[in-house]
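Some questions about how terms are applied to a structure, with brief answers.

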Amino acid sequence: MTRRPVFLITVMCFGFAFFYIPILSMIVYSFNESRLATVWGGFSTKWYVSLFSNRQVGAALWLSLKIALVSASIATILGAMAGITLARFRKFRGRTLFSGMVTAPLIMPEVITGISLLIFFTLLANWIGWPGQRGFTTITLAHITFSMVFVTTVVHSRMTQMDRSIEEAAMDLGSRPWQVLRDVTLPVISPALLSGWLLAFTISLDDVVISSFVTGPGATTLPLLIWSKVKLGVTPDINALATLIVALVGICVILAGWLMSRAERRRLAEQRLAYRTNG
Amino acid sequence: MSDPAPFIRIEGVSKRFGHFEAVRDVNLTIGKGEIFALLGGSGCGKTTLLRMLAGFETPTSGRIYIDGQDMADTAPWDRPVHMMFQSYAIFPHMSVEKNIAYGLKHEKLTAAQRAARVGEMLALVQLTPFAKRKPHQISGGQRQRVALARALARQPKVLLLDEPLAALDKKLREHTQFELMSIQQRTGVTFVVVTHDQEEAMTLADRIAVMDKGEVKQVGPANEIYEYPNSRFVAGFIGAISTYPGRVIRLTGDIAEIDIPAMEGTFAARSLPGLTEGQQVTVALRPEKIAISKTCPDAVNVVEGQVKDLAYFGKDSLYRVTLPGGELISVHAVNARRASESGRPADWDDRVWLSFEPASAIILTD
Amino acid sequence: MKALASWFHRRGWRELIIGIPYLWLTLFFLIPFLIVVAMSVATRTPTAPPFGYGGENPILNFEGYGRLFTETLYIRAFVTSLMNAAIATLFCLALGYPMALGLTRVSKSWRNILLMLVILPFWTSFLLRVYAWMGLMGRNSWFNSMLTDAWNFVVPQAYTLNSIPMMNTNFAVILVMVYTYLPFMILPLYANLERLDPVLDEAAMDLGSRPFQVFRDVTLPQSIPGIIAGGMLVFIPAAGELVIPSLVGNPSSPMIGRIISDEFAQVRDWPMASTVAVALLILMVGPTMLYARYQQKAESAGAEDKP
Ligand SMILES: Nc1ncnc2c1ncn2[C@@H]1O[C@H](COP(=O)(O)OP(=O)(O)OP(=O)(O)O)[C@@H](O)[C@H]1O
Ligand SMILES: [Mg+2]
């Protein structure tokens, strides 16, 4: 293929411009002096100052982080169990229902998940008096439920790629199945568990719709706070918040990429060394 | 090794996957301290048979006894057999040392005893300097040895090896064959080796079982299988051979006279018990059992032919000779004398005489 | 204690691993879902919670399902949702396909950077990506003025505008949907296209095909599973979308997600909200089945590649 795919490159340039121009514009306008968020009125950092002095934002961020941390951790445990079940336990009663239940939430519109959980929590509160008040607990339960199926997918696909003979080898060497799971399977799929956790964490941190249904008085997550502000129109302090989030994510991604490429390089070097020393 | 005490008994074992019969009615006994090879082409059921011994598959029918015990209800982790997997199955997240020590976790050993055993195993497979390395930091041959050491560490009664050398290059493979044999001698563990390489089976094994399509065709020491194959499949699978249909004309003592149309004549061969006059048989001849000369030799079985093709390898030559009936026969001759103008026994298009001993001709009745 | 340990040894560990997520999903997914289905045939009452079965009400009330087919509000909402989702999916495909194909053609180091750039917006907040467009589409934003100038330059005097009305239109909904869902189209397509053997392309060219013919005869047919996968990943959530139409959509022609949410929270008609939800799910079953089938096909095709 010596011919340059001119058309493809043109579309790609357009596509990436499409991806990033709105974000760049948002960043630029976060430094806007004017209160009218869309009209340039000179450089200023006052929106950052107002953002940092806003207690609401801090509280919402803290709540969001707490929910994301707890729900991602529990979702990873449950999702790993479900993924292992799908990949390793071929036959058990209700397998069809089970595999249906781990796929359905993936495609269920968020609105429906939201109202179904809200109705469920309301009725439950009527019948058994729990949950007395909606908030942290109900949001966390909801997030666990719909993010665990993403973890399940990640773990399941990793397990199907994994060489089964290493599990058989452990069994052959005298380990019972649960010891095999503990000593071999879990350590080997740990990268998948990590990426599942990260996925669950970001899903939870990003969720608006489901949280908006199952939240209660006083429990405002960061997305819910942004949602309530944005519904009223464009405001410059949201621009500042967005800029900070983009910067944070960008730094994390670049750092992760750098760490990974360094680990890969080191691994290759070690491999070369191994082959050299034994001729 | 001639008559080893039975240690593993496989009785009428079959394995079906759905409608497909991967292993069919296999009966084998394997002696203590023996190296036993399962030899056969791809997909003939060798791995499946091995996995039934290890306990990863349950036989559809039949029984397996190891050291006198029925294995039907014994889980893989309780069996006194260990397996070396085709892919080695080294735990990627553990160092060489930890891999080898893994099985010892389940034995009641003190830390010192365990360390001593691991050290012993490392020394046995010459990996002591690599103890702390991770699997991705060692070469393929070293990984193979880690797998071997790991399987031997718990001192199993039987070691199952699934194509242990398939992933190694030719030179390393030959070297490792002898290493495996010496380790087996030192440890005295019974080895059951799966291979599709007949040379490997013949080098390594005390006895070989030749398998085809899930069935065991013949069991015996290498020389017996080579010299006295009991079927066309075994004859053809092990070594080169030429086969011709024939008919038994007369039986006198232990000699059968056989009419071979391809050679346009009647030839004498060592008879088999149960042969009858008039029976249709196949006569098989190994290339190295045939003598070739440009003059008519004084021998019992002589046939005239014409050299169609020859390949000179230095120490020996391979001839392809056209028989009177038009078919080809392979002849392998050692170049005992130094080649000069007329040094070669025969050249292209020469008329030659081929001869063989009655005892060298193999009669196959299947 | 000992009995417990031996139970765990034998089968307990297995039963726990299956049982815990099973129980969880039954409690927090299956039961709530079944409640919604049951709610869809309940009758609205002025009690709290606002529904009832039996008594003076019919035991099973299918009135809601009747309203779906008779009231224009619902019919329009369904049509708008499906149209918007379909158009957004087509635009995602039109933009995403060349981008995914382009990604397979650039050098390896570039490819990793560009892939990262595709994924990066996904890690930033969804809400903020919608918000970014609110800034651009507003009446006096630089983007809107630029487009307005371009428009005024092209059209006759009589049609000139002060600004282009973009906010609160279906156009805005589709635009933002394309923007937010485009990565979901690109990534499966890229995964599919990357697996194709470049030798096939070369073979086809060798046989005298021009690049476009190669694309049509070799690349495109083999990328159908990727197109289906990407299409469904965009279409399904787009059809049920709530945030985007609420922020940039036309309030007078709401989409389904908005209807469900409003029936539930504003009108407090739980049975009707559930009815609309069930109807939306039924509409999603077809595309989902299609997706599952191609997904399976793509996976088994991938498995065959491996030795
Ligand atoms: N789990 C299984 N399900 C269905 N069929 C199987 C299964 N395992 C093996 N087979 C079939 O049984 C036959 C024998 O397989 P086996 O792995 O024992 O062959 P093999 O002799 O080890 O071959 P190779 O030399 O290629 O490793 C093959 O045709 C294979 O397709
Ligand atoms: Mg095999």
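A polar contact is a pair of N or O atoms within 3.5 Å; within protein, one must be able to donate a hydrogen and the other to accept it, and residues adjacent in sequence count only if both atoms are side-chain atoms. This is a predicted model: local features need pLDDT of at least 70, side-chain atom pairs count only at pLDDT 80 or more, and totals for chains, interfaces and linings use all residues. Side-chain values use heavy atoms, with hydrogens and water left out.

Q: What makes Thr48(B) and ligand 1 a polar contact?
A: An N or O atom in the side chain of Thr48(B) is 2.6 Å from an oxygen atom of ligand 1. The limit is 3.5 Å, so the pair counts.

Q: Which distance puts Thr47(B) in polar contact with ligand 1?
A: A polar side-chain atom of Thr47(B) lies 2.5 Å from an oxygen atom of the ligand.

Q: What does Gly45(B) use to reach ligand 1?
A: A backbone N or O atom, 3.0 Å from an oxygen atom of ligand 1.

Q: How much of ligand 1 does the protein cover?
A: The protein covers 61% of the 630 Å² of accessible area that ligand 1 has on its own (Shrake-Rupley method, 1.4 Å probe).

Q: How many salt bridges does the rule find between chain A and chain C?
A: Zero. The rule asks for a side-chain nitrogen of Lys or Arg within 4 Å of a carboxyl oxygen of Asp or Glu.

Q: How many residue pairs are in polar contact across that interface?
A: The rule finds 11 between chain A and chain C, both residues at pLDDT 80 or more.

How values were computed. Residues numbered from 1 in each chain as written. Chains lettered and ligands numbered in written order.
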